[in-house]
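Subject: The structure we talked about

Hi,

Here is the structure I said I would pass on. Have a look at it first, and then read my notes below.

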Amino acid sequence: MDPKLTEVAQLFARFKAAYARNDLDACVTLLSQLKVQLTKFPSLPPLFQQTPNAVEELKLARDIYEHAVVLSVKLEDQDAFERDFCQLKPYYMDTCGIIPPSPEEYPILGLNLLRLLVQNRIAEFHTELELLPVKALDHPCIKHAVELEQSFMEGAYNRVLSARQAVPHETYVYFMDLLAKTVRDEIAGCSEKGYDSLSISDAKQMLMFSSDQELHQYITEEHPEWEIKNGSVFFQKAKESQPCKEIPSLQLINQTLSYARELERIV
Amino acid sequence: MAAVATVSSASGLLAMLQEPAPELKLHALASLNSVVHLFWPEISTSVPTIESLYEDEEFDQRQLAALVVSKVFYYLGELNDSLSYALGAGPLFDVSDDSDYAHALLAKALDEYASIKTRVSKATEEEENIDPRLEAIVERMLEKCILDGKYQQAMGMAVECRRLDKLEEAIVRCDNIQGALSYCINLSHQYVNHREYRFEVLRCLVKIYQTLPNPDYLSICQCLMFLGEPETVASILDKLLSGSKDDALLAYQIAFDLVENENQAFLLNVRNRLALPAPVPSNPDTGSALQDDQTASTGTGAETAGDVQMRDDTTTPNGNAHTVDPNEVAHADRLTKIKGILSGETSIQLTLQFLYSHNRSDLLILKTIKQAVEMRNSVCHSATICANAIMHAGTTVDTFLRENLVVIHFYLLPLHRIAALAISLSHYGVVLQEWLSRATNWAKFSATAGLGVIHRGHLQQGRALMAPYLPQSGAVGGGSPYSEGGALYALGLIHANHGEGIKQFLRESLRNTSAEVIQHGACLGLGLAALGTADEEIYEDIKNVLYTDSAVAGEAAGIGMGLLMVGTASEKASEMLAYAHDTQHEKIIRGLSLGIALTVYGREEESDTLIEQMTRDQDPILRYGGMYALALAYRGTANNKAIHQLLHFAVSDVSDDVRRTAVMALGFVLYNEPEQTPRIVSLLSESYNPHVRYGAALAVGISCAGTGLSDAISLLEPLTSDVVDFVRQGALIAMAMVMIQTNESFDSRVGAFRRQLEKIILDKHEDTMSKMGAILASGILDAGGRNVTIKLLSRNKHDKLTAVVGLAVFSQFWYWYPLLYFISLAFSPTAFIGLNSDLKVPKFEFLSHAKPSLFEYPKPTTQQTTTSTVKLPTAILSTYAKAKSRAKKDAESKANQEKTTEEASGSTSGKAAKTQEKDADAMQVINSYLFLHCSHIFKDSWTPSTNCISCCSKVDNTAEKKAPEPEPTFQHLTNPARVIPAQEKFIRFIEGSRYVPVKPAPSGFILLRDLQPTEAEDLALTDAPSTVAGTTSNTAAAAGQQGSGSSAMAVDEEPQPPQPFEYTS
């Protein structure tokens, strides 16, 4: 076996050990070392050179990145998650026929879908979904994400929130927590459009807060334009619908004059 | 592993860029660089990230980042950003890369560099600093081109980037220096827009030329002429003249080439710098003196042979009367000859002889016009006279005038040496024929001036010819001022651009008169004769006329001043401008504004302030002059800025005159790229404004003149049937200018156009304007006896000053019909004239590798066509028609039979007579062709040889099997020959013939090297309209003008005594 490959494999073993110990700091350092090592393999994307060890290398690299993704979830670092997932993706998409599919593939893809849902990037969510084969949709992890999205779109927010209890994978919990916040934002947006004002108690219930305190905090943080008075929350829709009364007369005059001049110049 | 994995997205790599570890970033960048051509759309969203990497001072691979960004920008089409990042990439940006990216960026870099350099050269004090990185890239590229042997590319880039040092390097390192230099000269004329810079390039080229062991003097002198350095040209000529005989030939050739560019001031300068030859007596009238000397020294064939011998072997004693050193004699002789050439005398005289002997004008066309034109319509009447003048321009054939004009006996005067003396002033003014009497006042002026066009270039007899009409000092009141003025104008036309001899006389005439009509003629004449000489005294004389503030004289004075100052950009222009603001007369303003425009001829950027001043003036007439100034300053440069400005005025000015002129001016700016003009003005030609349409028509006419360009004809065709009369007029004239010398077999539309002209002229209900246009168009179409074309560029791609100026003033005929005659300045003969070392025309044959019919003269019109158009269709009964057709067929077949027998017996081929063929006609054609051809081969001792007979009989046999071949694919031409521009590319010289051309040009004046100098030479063109024994005086007569009306005159005969004619009063 190639010495380089062995070296990386050993490093990876140490990483796994640290991961098992839950020693996250060690994991991060080891991971970045691993990644640097990986750049030295020409068989990896984007080059895909057909070296004798290509299959092993690809498998190992995929394994490393899968762990990196899971690690980023553990660290609750969404940026790192995105970064690692993007780097992992070519191994799923472009290596069919070279290495067998990974057992972790669908859980991780589902995780990514969930992340997109959390970040409310619905368009990208559907793009990703389109890329998946039909049979993948039956996989519980993917199915879970798809169903969540449907409920989310329908406005069946209670179903979204209750789905937290039925996660197909333990890593999903983190995102499910985040999803609750996304749902709240959606509701807040809808209420803003739908009502002129809401009583504080209604608003509290609607936005799923247990106390007035939390509601107040939420409002000051996320929607400072809302107004609380007389025990109600006012959404101040009136402000937006103020009609624009000024007529751009100068601009119109200029335009008309230039038309006239252009007409003159028709040859 | 059957499946080869490919990446489907760059998102992984992009994500890697965000990694904290620099190694990963580096890896990501390197990988991105290799896939950027596939994933640039994806990468483009992350460009800010990569840019921040480039800007990160600590990142050690900033250049790589720059390269990636540059590539992305390239794919996004943002070449400017791309270039600036590519520069940031430093050495990573590979000039020798063979990718689209590298090519595009290099081109961009060059453009950028060139434009910066151009800007730098314009900015006077503040210097724009050039990015050294950019410069480095360009230099790397130039170096690479030179190393790869792509010298032309390197030269082009160097010229464009204003790196004369690199240009010089490229040329010197090139393996074919001569070729490189001529390429560069072309380059500088075609692509260097900036005049100053062009001069620099040419100076650089001349410098290189002079370092060569075997310089190409022809090209050097062309450059020097452009640079305006007569001293150097003179010294080169002098050196060549003292060299061998071949060197002398080369010197003559150079002189002819210089003359072709018509730069009078320059030529005079060169001539004056050449040492004065000893045997020539000093004479104020140098022209005639030279002529005499020339004829004297090379008078007889024996003497010529002696001269030749003398040159080959200097020890041979010379049998001549001169006792001086033969070497010196030879040198003096050559000096005289070259001065003759430089003065234009030689070429003008040869041209005159050529035009006279090859004149093929069709008098029937004129006759038709004359009959169709109404008596009372003076416009058409004058137009007819003008058309006649144009048709016979430079041929000295004035048959039509003599048959028809008022002043008929005046014209005949010079023909009869004795008669000229005998007829006294008392005969003047006798009205001979009723038709002629129509020419009154200005028409008389025009008619007399027309004589000048006909006798254009008749330098020796010019004054004698015009003598009867010229103002007589002392005897005032003899002739009408109109004919006197016209005569002065005519003298100007005869001596246009070669007015050394006549200037003095014209000045005196101008001073001695106070009649404004005479002043008018004299101003025009002086302007023409002293074209571009910037003579201070003449200027003062004309200015005095201008300050009399008479409208008629002032207009001509304005134009005359302009002609005098052509291309000098002197400060006189502001003086003229000031007077134009003072005066009340529109005519004077117009004359002056055209004059001002003429002064800036060819000065390009230098004239921008003046142009700006004129085009912003309140007075539309001055703006109109501004358009002319733009046209002339940027003549034939296709300068984008000028075109842009003209188009702007063409659509935005409030005055129709200005708009019309602006469009027309496009023609002048674009004449070096005639293919472009129809495209540029095509929209304007569909304008709602008739003035713009008229301008568009003339613009095409001017820039495509003589090209027969199909696009141009297609554009003009609809305009010839425009709803507005003057548009039709313009279109007809323009069409004639485009189609000049194109015959029907070259473009079938020519025939249609001729028929259209005839129809318009004969149509009683046609507008006067378009009728006049049609008459003029007929004249232009057959100009100069069908042997001239309108050419604004000389063969060396120089602009022909006289021609351009001529057309510019000609286009003024809108306001003043007599200016029509200026078109004659634009005519240049389409001839190949080969000359031997004595500047005689030897018999010499060469080939034209094309069907003769493509370039032959149009067929002369027959009486039939003129009458048939008037004839009404008669009803024909079917039975009658059948019988008639049967009868016709019989007659035809009979005729054919007869012809065959005749032909056969004529060719002494007995066999041919016996063969009875159905296809008799075809065979006859082949027979006669071969017969002729054989006669060419055996021309020296031609008797009906057996060879020829067998040839004919062979054809008889083959004709039975083969389809008839109607036309040969080549044609023998004999020196001097008519070679029209379209034909030039088919001209080949026959190898092994006695004479070898000094330069392999297909037309123009070509010096021929004689390979058998000892044998006697067979000369052509010995007869000329101007073979005169005496000196120039009023007693001289044009002996060549036989009275017969036939245009095909015998070439070799001695001039006949004048034929008797009667005066009928």
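Keep in mind that this is a predicted model. Let's start with the charged pairs: over all chains, the count comes to 46 salt bridges. If that term is new to you, the idea is that side chains of opposite charge can pair when their charged atoms come close. One to look up is in chain A, where the side chains of K16(A) and D63(A) meet at 4.0 Å, N to O. This pair links distant parts of the chain, since K16(A) sits in helix α1 (residues 3-21) and D63(A) in helix α3 (residues 54-74), 47 residues apart.

Now for the place where the chains touch. How many salt bridges are there between chain A and chain B? The count there is zero. The search for residue pairs in polar contact across this interface, with both residues at pLDDT 80 or more, also gives zero. Chain A and chain B still bury about 2,200 Å² between them, and 66% of that is on carbon and sulfur atoms. On chain A's side, α2 (24-38) and α4 (78-93) each supply at least two residues. The largest share comes from α4(A), with five residues. Sorted by class, that side of chain A has 10 nonpolar, three polar and six charged residues. In total, the contact takes 19 residues from chain A and 28 residues from chain B.

Next, the sheets in chain B. As background, strands of a sheet pair through backbone hydrogen bonds, either parallel or antiparallel.

One open sheet has three strands in the order β6-β5-β8 (chain B), with antiparallel pairing. Why do β6 (971-974) and β8 (987-989) of chain B each have one side without a neighbour in the sheet? They stand at the edges and each has a single partner strand, so one side of each is left free of a neighbour there. On average, neighbouring strands of this sheet are turned by 40° against each other, direction ignored. To see the pairing for yourself, go to β5 (residues 845-848) of chain B, which is joined to β6(B) by four bridges. There you will find E845(B) opposite T974(B).

The other open sheet has four strands in the order β7-β3-β10-β9 (chain B), and its pairing is mixed. Here the edge strands are β7 and β9 (995-997) of chain B, each pairing on one side only. Strand β3 (residues 831-835) of chain B pairs with β7(B) in the antiparallel sense over two bridges, and F832(B) stands opposite A977(B). Two helices of chain B to look for also pack on this sheet. Helix α14 (residues 245-260) touches β3 and β10 (1004-1010), and its direction makes about 175° with that of β10(B). Helix α19 (residues 345-357) touches β3, β7 and β10, and its direction makes about 125° with that of β3(B).

Finally, two backbone oddities. Most residues other than glycine have a negative phi, and most peptide bonds are trans. N120(A) has a positive phi of about 60° although it is not a glycine; look for N120(A) in the loop between α5 (105-118) and α6 (122-131) of chain A. In chain B, the peptide bond from N975(B) to P976(B) is cis, with omega near -10°. P976(B) is in the loop between β6 and β7 (977-978) of chain B.

Cheers

Terms used. Residues are numbered from 1 along each chain as its sequence is written. Chains are lettered from A and ligands numbered from 1 in the order in which they are written. This is a predicted model: local features need pLDDT of at least 70, side-chain atom pairs count only at pLDDT 80 or more; totals for chains, interfaces and linings use all residues. Side-chain values use heavy atoms; hydrogens and water are left out. Two strands pair if DSSP finds at least two bridges between them. Axes are lines fitted to C-alpha atoms, for helices over the stretch in contact, and angles run from 0 to 180 degrees between N-to-C directions. Contact means heavy atoms within 4.5 Å. Buried area is the accessible area (1.4 Å probe) that two parts lose on being put together, summed over both. A polar contact is a pair of N or O atoms within 3.5 Å; within protein, one must be able to donate a hydrogen and the other to accept it, and residues adjacent in sequence count only if both atoms are side-chain atoms. Ala, Val, Leu, Ile, Met, Phe, Trp, Tyr, Cys and Pro count as nonpolar, Asp, Glu, Lys and Arg as charged, and the others, Gly among them, as polar.
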